[in-house]
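Biologist: Could you take me through one part of this model in close detail, please? I'd like to see how the strands sit against one another, and then how that part fits into the rest of the chain.

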Amino acid sequence: LAGAPQGAAYLFGPRRAPTGYVIVSFGWSIAAGGMDAMLDELYVRPGVRRRGIAAEVLLALAASLRDAGIRALHVASSTDPATQALFTRAGFSADSTVLMTRRF
């Protein structure tokens, strides 16, 4: 991101051997009533997956973003049941929209 205000990347876990990272991008949403964020990437090292780390990171990220004035955190979830369960545990809920993308 090279210091760009449009996004942030966070490492988590021990400083000398991070457990993973999360990347978010920021935007403005009239529907959200202000700044919003999109979870662009969440990675947990394979050796430590399925221990609740990702859900804990998502909860901490949401709290930090909320405290910084971000009004909503969005994620484009897969149809994988385990992935959907992770986001549900972290407080995400499906709305009536489907994220569609046009790449340039």
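Modeller: Happy to! Let's begin where aspartate 36 stands opposite alanine 72 in S4. This is a predicted model, and the pair belongs to the parallel pairing of S3 with strand S4, residues 72–75, which runs over four bridges.

On to the partnership of S3 with S2. Strand S2 covers residues 20–29 and strand S3 covers residues 34–44, and the two pair in the antiparallel sense over ten bridges. One position to look at there is isoleucine 23, which stands opposite glutamate 41 in S3. Four residues lie between the strands in the hairpin of S2 and S3, and in that hairpin glycine 33 takes a positive phi near 85°.

S2 has another partner as well: strand S1, residues 7–12, pairs with S2 in the antiparallel sense over six bridges. Here you can find glycine 7 opposite serine 25 in S2. So much for the strand pairings; now follow the chain onward from S3.

The loop between S3 and helix H1 (53–67) holds arginine 50. Its backbone deserves a look: arginine 50 has a positive phi of about 65°, although it is not a glycine. As background, most residues other than glycine have a negative phi. The side of the story told by accessibility is plain too, since arginine 50 has a relative accessible area of 78%, and over 50% counts as exposed.

Past that loop, helix H1 includes serine 64. Is serine 64 buried, exposed or partly exposed? With a relative accessibility of 47%, serine 64 counts as partly exposed. You can also relate this helix position back to the strand residue we met earlier: serine 64 and glutamate 41 are 23 residues apart in sequence, and their C-alpha atoms are 17 Å apart in space.

Now let's step back to the whole chain. The protein has two helices and four strands, and from the N terminus on they come in the order β-β-β-α-β-α. The radius of gyration is 14 Å, close to the 13 Å that the globule rule gives for 104 residues, so the protein is as compact as a globular protein of that length. Along the principal axes, the C-alpha atoms fill a box of roughly 40 × 35 × 30 Å.

As for contacts, among those with a separation of 6 or more, 43% are between residues 24 or more positions apart. Of the 104 residues, 26% count as buried. The protein exposes about 7700 Å², with carbon and sulfur atoms supplying 55% of that area. Finally, on charge, there are 11 positive and 7 negative side chains, and the centres of the two sets lie 8 Å apart.

Technical notes. Residues are numbered from 1 along each chain as its sequence is written. This is a predicted model: local features need pLDDT of at least 70, side-chain atom pairs count only at pLDDT 80 or more; totals for chains, interfaces and linings use all residues. Side-chain values use heavy atoms; hydrogens and water are left out. The radius of gyration is taken over C-alpha atoms; the globule rule is 2.2 Å times the number of residues to the power 0.38. Buried means under 20% relative accessible area, exposed over 50%, partly exposed in between (1.4 Å probe, protein chains only). Contact means heavy atoms within 4.5 Å. Accessible areas come from the Shrake-Rupley method with a 1.4 Å probe; for residues, only the protein chains shown count as cover. Lys and Arg count as positive and Asp and Glu as negative; His and the chain ends are not counted. The place of a charge is taken as NZ of Lys, CZ of Arg, CG of Asp or CD of Glu. Two strands pair if DSSP finds at least two bridges between them.
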